[in-house]
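Let's go through this one by asking what backs up each label. Have the model open while you read.

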There are 2 protein chains.
Amino acid sequence: MANIHHVAKEAGVSVATVSRVLNGQNSVTYKTRLKVEEAINKLNYEPSMLGRNLRNSESRILLILIPQISNPFYTEIIKGIEQTAISLHYNILLCETDSNPQREDIYFELVRNKMADGIISMDPAVNRESLAKLAEKHAIIQCSEYTPNSGIPYVTIDNEEAAYRAVNHLIQIGHRNIAMINSDETYLYAQQRRQGYQKALEEHGITFRSDYVLHTAELGFDYGQQAMKKILKLKNRPTAVFAVSDLLAIGALKEVNNQRLKVPQDIAIVGFDKIDFSNMTYPTLTTISQPMYKMGKIAASMLINRIKGNPVESVILEHELVIRGSTAGY
Amino acid sequence: MANIHHVAKEAGVSVATVSRVLNGQNSVTYKTRLKVEEAINKLNYEPSMLGRNLRNSESRILLILIPQISNPFYTEIIKGIEQTAISLHYNILLCETDSNPQREDIYFELVRNKMADGIISMDPAVNRESLAKLAEKHAIIQCSEYTPNSGIPYVTIDNEEAAYRAVNHLIQIGHRNIAMINSDETYLYAQQRRQGYQKALEEHGITFRSDYVLHTAELGFDYGQQAMKKILKLKNRPTAVFAVSDLLAIGALKEVNNQRLKVPQDIAIVGFDKIDFSNMTYPTLTTISQPMYKMGKIAASMLINRIKGNPVESVILEHELVIRGSTAGY
DNA sequence: TATGGATTTGTAAACGTTTACAAAAGATGC
DNA sequence: GCATCTTTTGTAAACGTTTACAAATCCATA
């Protein structure tokens, strides 16, 4: 396979000149440029990124850490990241961590190894210490989930406020027995949403009941369904449920349907994320919409700025409550 | 940042010896190995993949081409690919093509550039000529969608047979007016599933009606919903629908619900792929299950074999009809 | 204590680029 | 035609590894 030396020879110039043509430098005479381009075509030459990357000590690869590929919440964010990355000639490596520190380590290793130029972490279960340590020497951005005061820049929404609005909405339409399906509260977003939930209750003089707050080990339909099973067995059965993820909410909805109860008449449900599916359920799901695409774009440009050594500021984006069938007349 | 020369100096040995320690070669004396490891720790040395990759002329990156990240059909396959890849120390780069030749070209370029060692293509809309051309010099595998007689090895299921079984099931439970929601028939899988559909009809003496076959531009809820809208307006309204994707089927189901018709009593629906969400709908969706994880694992090991220069054979995997609520009593 | 063979270590080239610097060529003015 | 300045081109080092080959060391044996 042809390399830059072959091209140089064929064109009768030096490798430096070929390189200059390749990189579009304009200190090359029209005539020689032509000769070089001819040689390139003749030899079917394709410059090797390996050589270039080594020389420039960059890989032009960005890592995206997510816990599960299958959670559609991330797909829109990823699209945003990708769009920005590609337009700036970076490629993205999607890394599923399964919230497993060992998997995580493989990916951290890639940036230490220079195989990747930076990381956008969206994994709530990320090892915060390792990440902070890595961030001392490498470009890291957190997206959606973040670590306060870690010095790692992030882009996210105001989770407490979002949860507050969701629960407030339930209260507005008359509910007072409102359960919450939360995920593991070691995650910051889970803590924040829980706080929003409590804040809304308190503001309306509703006593907080700890048995009304369920926790799931993971985000997934099944977990939501299991949680709803428990909720429906509670004495003083709640009339509304706020789930911190659409996946959980959809699983919960399924269980309500299974038990021949009506949504929203018997139980109202609010989700979180506004994933595509949330509009396909019966009834459609009231949920919190995050600007996922935008979040991805911002995360990517923050990261690339970081890589270039520019200073970057954390960003908090707007969210929106989308009222649909699961809390309203259908 | 420390490199292999620094380590060599620190340990008082040559770079060759350090390299040997790094690569676990056993021609190194215990004593010197210890010295080297000490130096490595002391300097916090991390070998650079860039240097290694250039020297070995490999990148250890595999490309996965899919049309849309958001289609959950692919996520399970990707998991399978990833699992195999990681265990063999490869990384995967997920490439969303949007079925856009330009996007595709960016990724093809990556393998020509040596930035990736091979490709698993799952994009039905891939440019078959470009791909075949690329496959002359590089390792390529097709997964799910393939190009017959192109010489590119593939792993897939028998789409015709699967569709045949799906439609056969509808006929068995008494339907004779069966519509089909197909995607673009330029794709092989769409042609094959259409053939299976027709075969089942023919075998039971049901006349094929071309107005019963709808086509969608893309796979997505909305497209399925639109198609179902048209179906419900047909004179001689079908009593059953076979959709070539769960996404389409779920969109279709949504429309039936919207129009206050009952599934399966008024309209029975069969989907394809058995995505997670197909079990969350109301009613649950009868569908064809593909061994997606396995498919991914096989595709990955085929590709890695190809990269190593070993010969590989195409594979056709088993599928299964999963009967659920949308065609049965609930 | 040589001798020879086996084992361990070192030297230097190679992978394919980019780029600082030097050299050559071309343009300008007198 | 020559000196000077500007533009274009070439030379060679550098990025960080691996590895063929050569050199050095070790060990057993006569």
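Q: What makes up the part of DNA strand D within 4 Å of the protein: sugar or phosphate, or bases?
A: Bear in mind that this is a predicted model. Of the strand D atoms inside that 4 Å limit, 61% belong to sugar or phosphate, and bases supply the rest.

Q: How do you know that B:Ser19 makes a polar contact with DNA strand D?
A: The cut-off for a pair of N or O atoms is 3.5 Å. An N or O atom in the side chain of B:Ser19 sits 2.5 Å from a phosphate oxygen of strand D, so the pair passes. B:Ser19 also appears among the residues that come nearest to strand D, including A:Ser14 and B:Arg55.

Q: What about A:Arg55 and B:Asn3: which part of DNA strand D does each side chain meet?
A: For A:Arg55 the partner is a base nitrogen, 3.1 Å from a polar side-chain atom. For B:Asn3 it's a phosphate oxygen, at 3.4 Å. Both values fall within 3.5 Å, so both count as polar contacts.

Q: Which element gives the most to the surface near DNA strand D?
A: That's H4(B), with five residues. By class, this surface has ten nonpolar, 13 polar and five charged residues.

Q: Why are the two copies said to be related as by a two-fold rotation axis?
A: Laying chain B on chain A takes a turn of 180° and a shift of 0.0 Å along the axis, with an RMSD of 0.0 Å. The copies are therefore related as by a two-fold rotation axis. In chain B, B:Leu93 has the C-alpha nearest the axis, 2.4 Å from it.

Q: What makes it fair to say the same surface serves both copies?
A: Of the contact residues of chain B, 96% recur in chain A.

Q: Why do strands E2 and E11 of chain B count as edges of the sheet?
A: The open sheet runs E2-E1-E3-E4-E5-E11 in chain B, with parallel pairing. E2 (91-96) and E11 (315-317) each have a single partner strand, so one side of each lacks a neighbour in the sheet. From one strand to the next, the twist averages 20°.

Q: How do you know that E1 and E3 of chain B pair?
A: Pairing needs at least two bridges. Four bridges join E1 (residues 61-66) to E3 (residues 118-121), so the pair qualifies, and the two run parallel. B:Leu62 stands opposite B:Gly118 in E3(B).

Q: What does helix H6 of chain B touch when it packs on the sheet?
A: H6 (residues 101-112) touches E1, E2 and E3 of chain B, and its direction makes about 165° with that of E1(B).

Terms used
Residues numbered from 1 in each chain as written. Chains lettered and ligands numbered in written order. Predicted model: local features only at pLDDT ≥ 70, side-chain atom pairs only at ≥ 80, totals over all residues. Heavy atoms only, no water. Axes fitted to C-alpha atoms, helices over the stretch in contact; angles between N-to-C directions. Contact = heavy atoms within 4.5 Å. Near = heavy atom within 4 Å. Polar contact = N/O pair within 3.5 Å; in protein donor to acceptor, adjacent residues only side chain to side chain. Nonpolar A, V, L, I, M, F, W, Y, C, P; charged D, E, K, R; others polar. Least-squares fit on C-alpha atoms with pLDDT ≥ 70 in both.
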